[in-house]
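Got a structure on screen and wondering where the descriptive words come from? Let's take a few of them apart.

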Amino acid sequence: MVYLVCSSSSPDAHTRYNLQLMSSPTEPNRPGGYALPTGALQAQRRAKRELEQADIHLLGDAAKPHEPTKGRLKAAHSARNPNTRVYVGDCRDVLAKLPERGEVDLIFADPPFNWDVPYESWRDGMSRAEYERFTFDWLDGCIEALSPTGSLWVNIPDDTAAEIVLHLKRRGLTMINWCVWHFRFGQNRDSSFIMSKVHALYFAKDPDQRIWNPEHIMELSDRASVYADPRTMAKDQNKGLRLPMDVWYGKYWGRIQGNNKERRHQHHNQIPEVYLERVILACSNEGDLVLDPFLGSGGTCTVAKAWGRRSIGIEHSAVNAKSAWERIQAGMVRQGAAVTPTEEASLNRRRRSD
Ligand SMILES: C[S@@+](CC[C@H](N)C(=O)[O-])C[C@H]1O[C@@H](n2cnc3c(N)ncnc32)[C@H](O)[C@@H]1O
């Protein structure tokens, strides 16, 4: 722990401040700044129990919860090796009937934002209370579907991020990261700063048992690629590499539009493959089960299949589901964009900048 102690030691006009830095043995070289000496996760772990027991009230709590429909579940599209299924329906109904409840290793959810988007079949304009209730219902369905080692990612803009974070915390999940996908296609406006991000919220049922593969998604460090700093090459392993930071942008991270090779026409808000690849490689293993409750253009199952994961997609629109299925069969177009480069690559990069 680092403490900055300021004390006024003189009553005269030239007040002097004694600045004393007291560092604990855990982090002697990092005075101040944004480093949490015990680790950011430790702070989340500590708060977990209090948050679970806290009396948190959100607007959607007053609205009536959804009653899942009864009846048998039948996949609209399915294939083997790896087992891949797409269900058409309301994810709140499908999640409640899923045979794999409690066994899903990773969920990636990119819900409708309640922004009046003209989706193929979904009405994207609820009252605020209804929308929050809808959000809590599908989140609860996801929590039940997750395995004890599972992770949940939610892609959500500013206006509902806080409510989702609070809901997941009061349900006992632990926040591992609050990532930001930064893009540069926000609509121009002059009343406030231009929107240029969506939140990528990463939660786990158990932070200590979660599936986590940092070695699969490393990238070149600034030390290797910008500063030619020899310290990064002196490491025993992962020379010139480090984990990505929690703000995501760069090549292939832009909007999927125009004649972008990834583009699926008639799909709103298509997430880039590289984003899904990073999440899937980091938080699941080959053979694991990945689920997307708002499949849209089918990116999650497409990337999961390419990397040997089983997957389940749920989509309200039969038309979207059919298009997603075609994409899943066609496969990824940029496989490998989020994969850790070799140490050799970082070495070459450094040589070039020397
Ligand atoms: C934001 S888009 C997802 C986009 C997707 N991530 C992609 O990259 O293409 C939301 C999708 O969820 C679908 N949807 C909306 N409400 C749903 C519900 N209750 N259950 C299942 N799907 C739903 C919409 O039809 C739409 O395709």
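What follows is a short back-and-forth about a predicted model.

Q: What makes up the secondary structure of the chain?
A: You'll find 9 helices and 13 strands. As for burial, 35% of the 354 residues count as buried.

Q: What share of the contacts in the chain between residues at least 6 apart in sequence joins residues at least 24 apart?
A: That share is 70%.

Q: Why does A200 count as buried?
A: The cut-off for buried is 20 or more other C-beta atoms within 10 Å. A200 has 24 C-beta neighbours inside 10 Å, so A200 counts as buried.

Q: Where does A200 lie, and which residues does A200 touch?
A: A200 is part of strand 8, residues 197-204. Leaving out residues up to four places away in sequence, A200 touches W153, N155, C179, V180 and W181. There's also A109, which is 91 residues apart from A200 along the chain, with 9.6 Å between the two C-alpha atoms.

Q: How do you know that helix 6 is mostly covered?
A: Just look at the count: 11 of the 11 residues in helix 6 (residues 273-283) are buried. Among them are E273, E277 and R278, along with V274, L276 and I280.

Q: What do the buried residues of helix 6 pack against?
A: Their partners are strand 5 (104-109), strand 6 (146-156), strand 7 (174-182), strand 11 (247-248), strand 12 (289-292) and helix 7.

Q: Why are helix 6 and helix 7 called oblique?
A: Their axes cross at roughly 55 degrees and come within 9 Å. Roughly parallel needs an angle under 35 degrees, and roughly perpendicular runs from 65 to 115. Helix 6 and helix 7 fit neither label and are therefore oblique to each other. The crossing is right-handed. On the helix 6 side, E273, L276, E277 and I280 make the contact, and on the helix 7 side G299, T300, V303 and A304 do. By class, that contact of helix 6 with helix 7 divides into 4 nonpolar, 2 polar and 2 charged residues.

Q: What makes helix 7 and helix 8 roughly parallel?
A: Again, it's the angle. The axes of helix 7 (residues 299-306) and helix 8 (residues 318-330) cross at roughly 20 degrees and come within 8 Å. Angles under 35 degrees count as roughly parallel, and helix 7 and helix 8 are therefore roughly parallel to each other. Helix 7 passes helix 8 in a right-handed crossing. Here C301, T302 and K305 of helix 7 meet A324, R327 and I328 of helix 8.

Q: Why are helix 3 and helix 4 called oblique?
A: Helix 3 (residues 128-145) and helix 4 (residues 158-170) pack at about 40 degrees, with their axes 11 Å apart. Since the roughly parallel label stops at angles under 35 degrees and roughly perpendicular begins at 65, helix 3 and helix 4 are therefore oblique to each other. This crossing of helix 3 and helix 4 is right-handed. E132, T135, F136 and L139 of helix 3 make the contact with T160, E163, I164, H167 and L168 of helix 4.

Q: How many residues surround the ligand, and which are the closest?
A: There are 21 around the ligand, and the closest are D110, F294, G296, S297 and H316. By class, the shell has 8 nonpolar, 9 polar and 4 charged residues.

Terms used: Residues are numbered from 1 along each chain as its sequence is written. This is a predicted model: local features need pLDDT of at least 70, side-chain atom pairs count only at pLDDT 80 or more; totals for chains, interfaces and linings use all residues. Axes are lines fitted to C-alpha atoms, for helices over the stretch in contact, and angles run from 0 to 180 degrees between N-to-C directions. Helices (H or I, at least four residues) and strands (E, at least two) are DSSP runs, numbered from the N terminus. Angles under 35 degrees count as roughly parallel, over 145 as roughly antiparallel, 65 to 115 as roughly perpendicular and the rest as oblique. A crossing is left-handed if the near helix is turned anticlockwise from the far one by less than a right angle, and right-handed if clockwise. Two residues are in contact if their C-beta atoms, placed from the backbone, lie within 7 Å. A residue is near a molecule or strand if its C-beta atom, placed from the backbone, lies within 6 Å of it. Ala, Val, Leu, Ile, Met, Phe, Trp, Tyr, Cys and Pro count as nonpolar, Asp, Glu, Lys and Arg as charged, and the others, Gly among them, as polar. A residue is buried if 20 or more other C-beta atoms lie within 10 Å of its own, exposed if 12 or fewer, and partly exposed in between; C-beta atoms are placed from the backbone.
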